[in-house]
Number of protein chains: 2
Amino acid sequence: MNKEYEEEFNKINLPGDLKNLSISECRILCKEIRDTLIKTVSKNGGHLASNLGAVELSLALHRVFSSPKDKFVWDVGHQSYTHKILTGRLKDFDTLRQEDGLSGFCKPSESEHDAFISGHSSNSVSAALGIATAMKLNGDNHYAIAIIGDGAATGGLSFEGLNNAGKSNVNLIVVVNYNEMSISQNVGAIAKYLSNFRTKESYKKTKTIVERALDRIPVIGQPIKNTLKFSKDTIKNSIFQTNLFEDLGFEFVGPVDGHNLKELEDAFKKAKAMKKPVVVQVNTIKGKGYAPAENNPSKYHGVSALKINTKNPYVSKSDCFSTVFGRELTLLADSDDRICAITAAMKFGTGLDKFAESHKDRFFDVGIAEEHALTFAGGLATMGKIPVFAVYSSFLQRGYDQIIHDLAISNTHAIIGVDRAGIVGEDGVTHQGIFDVSFLSTIPNVTIYSPSDYDELKACLSKGIYDDSGIVAIRYPRGNDKDCSLKKDYISTDYELYENGSDVLVITYGRLFKEVSNAYDKLKTEDKSIDVLKLINLSSRDQNMIDRINSYKKVYFFEECYYNGSVSQRLKNDIANLCCTAIYDFVPQATVASSLEHLGLSGDKIYKKLNSEI
Amino acid sequence: MNKEYEEEFNKINLPGDLKNLSISECRILCKEIRDTLIKTVSKNGGHLASNLGAVELSLALHRVFSSPKDKFVWDVGHQSYTHKILTGRLKDFDTLRQEDGLSGFCKPSESEHDAFISGHSSNSVSAALGIATAMKLNGDNHYAIAIIGDGAATGGLSFEGLNNAGKSNVNLIVVVNYNEMSISQNVGAIAKYLSNFRTKESYKKTKTIVERALDRIPVIGQPIKNTLKFSKDTIKNSIFQTNLFEDLGFEFVGPVDGHNLKELEDAFKKAKAMKKPVVVQVNTIKGKGYAPAENNPSKYHGVSALKINTKNPYVSKSDCFSTVFGRELTLLADSDDRICAITAAMKFGTGLDKFAESHKDRFFDVGIAEEHALTFAGGLATMGKIPVFAVYSSFLQRGYDQIIHDLAISNTHAIIGVDRAGIVGEDGVTHQGIFDVSFLSTIPNVTIYSPSDYDELKACLSKGIYDDSGIVAIRYPRGNDKDCSLKKDYISTDYELYENGSDVLVITYGRLFKEVSNAYDKLKTEDKSIDVLKLINLSSRDQNMIDRINSYKKVYFFEECYYNGSVSQRLKNDIANLCCTAIYDFVPQATVASSLEHLGLSGDKIYKKLNSEI
């Protein structure tokens, strides 16, 4: 934001004073906010296109409603940056997604204006219904407002929320922000459905024409009109109440132009006056006001950093675990038509874009619907297919029951690519992949691999598909492989012991192997030596391995996983003197390196611990 | 089934030969099947009303389609008994829900005619879509048929499945069995929505009248009709394509009378001919053909046993853990209006019926929507309410992510009553509550209590609500409290040590405490003594307690929980010589007593193990 404008803006009482701005002042404000969004996201990374699309929407909401008395629940939080700026967080906005800075999602502990936590999709309607219901019980006449994109609306939880909300009798407003895309594309009927409403205006026009025509018809015109209008059965509903949300019990307002402040405010005022559950559909353009993002919003969905005015956001061209997984899977599928790939709206994020091109008929983007993805995989498997579902670790949490019920009980052969396993960095607490080892370990018939480099990843994928039975989860971190000094000249999918004649053994797996290797290098410079055991198959319990471990005087385990249910916790049953360092609480946002440092899991911290104790 | 008829029936080749029966023979068959259902369920327990409602539906499906080439996926499986009888399982039907007998749900390992596992609600559309998709890829022209009740349709997973299926291009038929009730009542808009279609016939009639009227209008009639019929925009959709399923992309057939074989067969044939995703709505009467069940289907939903011709099914009048929980919660809510109760379609099963009567405005039956229940609870809690969600252990698996994301990260205070914890008996493998301790333990900010009797249950509930923070899970078994000889004159919510001067300590919790007490009694008759440690708070790690445990020569832990992630597994880290007996795999159906026996967790087995080792 322009420095001068920013000072001016910081002086006013937010968000209350926004109501006193003229429409032309609002337009200037929107422009300034867009500049701020572009500047900050290009520096800190984050969600650009979706936030650029929600500038007017956010301002209009704050002008019509009174946060924090009215409660805003932003689904996912991809659209909440303007809301943050308008609720006193402009001064800290350059700390967005930084350690100790503003969250990239909504966070009640950050501001009283964030009424509920966001990060995982599709929870807004349920949460807002809970809030609105409690308000009603408390005799409080304020509103709960859920703001949800069309992508998040495909999640089953949204539907459960809508199904319950529609029949409620509370001050709940659901703003559906239709921007013609889920994260990577329109998926499913809901998106198509919403897009029909773009033509709602012409529908209204047609309805009026029909009614007028009927008015002009003598004798029979009026009875037909009456039949259409007042019949108790569905023909009335079918004309005068024609949409999914109305079917679910909501009043419906819109669609309105999401970049027209006047239209937006009128719609919100209308919804507010209804004092019952209302859906307001707002049509917006992702990336509005920034040409590169407007032209290619998918690329600008979540970006690490970008250079303003370049055509494309900065996306590393080098390999990462996701792209290697996707490419290897595509290769295997080239010569095996049983292999099917599934993503829940993360085609690019999980590196499945190449697979989608080469094997279109065997690629399934199910939208934000992790539960369906797993059960659908179960269905494919019963007919001889080999389904591979690539999903972020923290989103896989959604499918815990489906893994048990629809896959594990029948010992179905299915592969889960657990992407973003471990610390994820700036996305923060809601996105950390620190529970998958624990919760997958509580399920029979699941084998968990945690490769530490690309070659192991490929080997695990191939072994999982062709040699193993049951569910095979292969977990790998966000980011790319790094070179390190501890090397073997063969590739294992079980475990590898690096012997240096030490009586100290350090056990680890996955990304931390490289950190341990760094610690090994540093210790070496001080003439201290450690042996290192790298686990790859986290589910095996090899007695030979246990015996070997027990032959060491001191044994350390460093693990990037919540401790309860972890591998180290289980192993401690067999290794009495095992000294474990793992994760003991939720992990806030920071760079991956910084988080590992805080958790005592960086190469440097591992070195320091070992150096002081051996 | 009549003996003579049964012999005749067993001779024919099932299900293929069903196609050769005349309609009048079919009617006789339906009558015989109903007699069999009533006879067997009254003896073995199970789902009566829903199965009585689906007799003609099942027969018609098997006459129109060819199982196992066409794949039947029965949602939940509450309606699949007739399907079992018609696919060669009549001869074993009296083993229904018995150990080593037929499952009360669908089970691929039981019959090739059960295309997918059932038990947990709402998975059928996703599974059938997976099957139909694989068929298409395989060049197989057969059909996948999902059969789902209106209750199961409220689950978010159903919606995710429908949203993906509607846009697919596969031979998928979804039969929606509308019987005017979820498990305990109509919940939400979907049910209301479906009920509108009961009047679809009159809608059709009106539509015809309007069209004919327009035909008779000179000049302007035809243009209006054309506008209505051929306009590309929504007015066409609103008249000619008016329902939720069509909105989602399905063809729609029905509703048809679910007890009229001819209508059913015509509808299925029509759907089959469409060769694309079709929804067929079938209206049925729960309990059809058995007057007591028809009049009161809710009571006959899941019954343990009933006497034919009595007005009410046999439901024990005595207290059980569920009713005690519900009553105590109601009492607490009498004097604390912050307390809200939530159930996911299990008002009676979880003992919340009294609460629903006394505190109607604070009672929420959200339908089969466990995810929503938890997020909704989170919303209530942000406004100062104390939400209490009572749910069966195995269904709570559905909400794993919501517990983490919508409650635990914000350290929200919410109570989860984990009903049916541990072995559940005849419902079998899909319903066993053996994972809750493990998966809840993987989440920060969760306290788990496992009371072993009613007094402890009440004390834990009160402590959870008033003294604890964060998420409090209180788990208790199906069934009722039993007396035992090990007693204390105070009530603890932490742990209790029963000292008898032995150097052998037995640790346990929950229902197994009574089993251990029985073992204690038996050992006593042989002049052997054990000390017993009963845990109540499973999350605490009291160093005093650990030290006390370590003072024993031998320590045994008996636990009704999957071993990975269990309390005993964690405790073994501190108690080197701990000998654990827990659950190591999925547990098949049997009586609770028999399952405990097989698992080495019955009083008798515990006695035998201890007697041989001490």
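This passage walks through a predicted model, from the domains of chain A to a sheet in chain B and a few well-covered residues.

Chain A is a convenient place to start. Its residues are divided into three stretches: domain 1 spans 3-197 + 243-295, domain 2 covers 321-475, and domain 3 runs over 495-613. Between the C-alpha centres of domain 1 of chain A and domain 2 of chain A the distance is 32 Å. Where these two domains touch, domain 1 of chain A supplies 21 residues and domain 2 of chain A supplies 16 residues. On the side belonging to domain 1 of chain A, the residues facing domain 2 of chain A comprise 15 polar, five nonpolar and one charged.

Within chain A, Pro277(A) sits in the loop that joins α13 (261-274) to β5 (278-283). Pro277(A) counts as buried because 28 other C-beta atoms lie within 10 Å, against the 20 or more that burial requires. Its contacts beyond four places in sequence include Ala165(A), Gly166(A), Ser168(A), Val170(A) and Leu172(A). Gly249(A), Phe250(A) and Glu251(A) are also in contact with Pro277(A). Of these, Gly249(A) is 28 residues away along the chain, yet its C-alpha atom is separated from that of Pro277(A) by 7.8 Å.

Chains A and B meet, among other elements, through a pair of helices. The axes of α17 (residues 370-382) of chain A and α7 (residues 156-165) of chain B come within 8 Å, crossing at roughly 70 degrees. α17(A) is therefore roughly perpendicular to α7(B). From α17(A), the residues taking part are Glu371(A), His372(A) and Thr375(A), and they meet Leu157(B), Glu160(B), Gly161(B) and Asn164(B) of α7(B). Sorted by class, this contact has four polar, two charged and one nonpolar residues.

Turning to chain B, five strands form an open sheet in the order β1-β2-β3-β5-β4, with parallel pairing. At its edges stand β1 (71-74) and β4 (251-257) of chain B, each of which pairs on one side only. From one strand to the next, the twist averages 20 degrees. Five bridges join β4(B) to β5 (residues 278-283) of chain B in the parallel sense, and here Glu251(B) is found opposite Val278(B). Helix α6 (residues 124-137) of chain B packs on this sheet, where it touches β1, β2 (144-149) and β3 (172-178) of chain B. The direction of α6 of chain B makes about 175 degrees with that of β2(B). A further helix, α13 (residues 261-274) of chain B, lies across β3, β4 and β5 of chain B and runs at about 170 degrees to β4(B).

Chain B also offers a helix and a strand residue worth a look. Helix α19 (residues 400-408) of chain B is mostly covered, with nine of its nine residues buried; among them are Asp401(B), His405(B) and Asp406(B), as well as Ile403(B), Ile404(B) and Leu407(B). Ile416(B) belongs to strand β9 (residues 414-419) of chain B. Because it has 29 C-beta neighbours inside 10 Å, Ile416(B) counts as buried. Leaving out residues up to four places away in sequence, Ile416(B) touches Phe389(B), Val391(B), Leu396(B), Ile471(B) and Ala473(B). Arg475(B) lies 59 residues from Ile416(B) in sequence, while their C-alpha atoms are 8.2 Å apart in space.

Conventions
Residues numbered from 1 in each chain as written. Chains lettered and ligands numbered in written order. Predicted model: local features only at pLDDT ≥ 70, side-chain atom pairs only at ≥ 80, totals over all residues. Domains from an automatic or database assignment. Contact = placed C-beta atoms within 7 Å. Nonpolar A, V, L, I, M, F, W, Y, C, P; charged D, E, K, R; others polar. Axes fitted to C-alpha atoms, helices over the stretch in contact; angles between N-to-C directions. Helix = DSSP H or I, 4+ residues; strand = E, 2+ residues; numbered from the N terminus. Parallel < 35°, antiparallel > 145°, perpendicular 65-115°, else oblique. Buried ≥ 20, exposed ≤ 12 C-beta atoms within 10 Å, placed from the backbone. Pairing = 2+ DSSP bridges.
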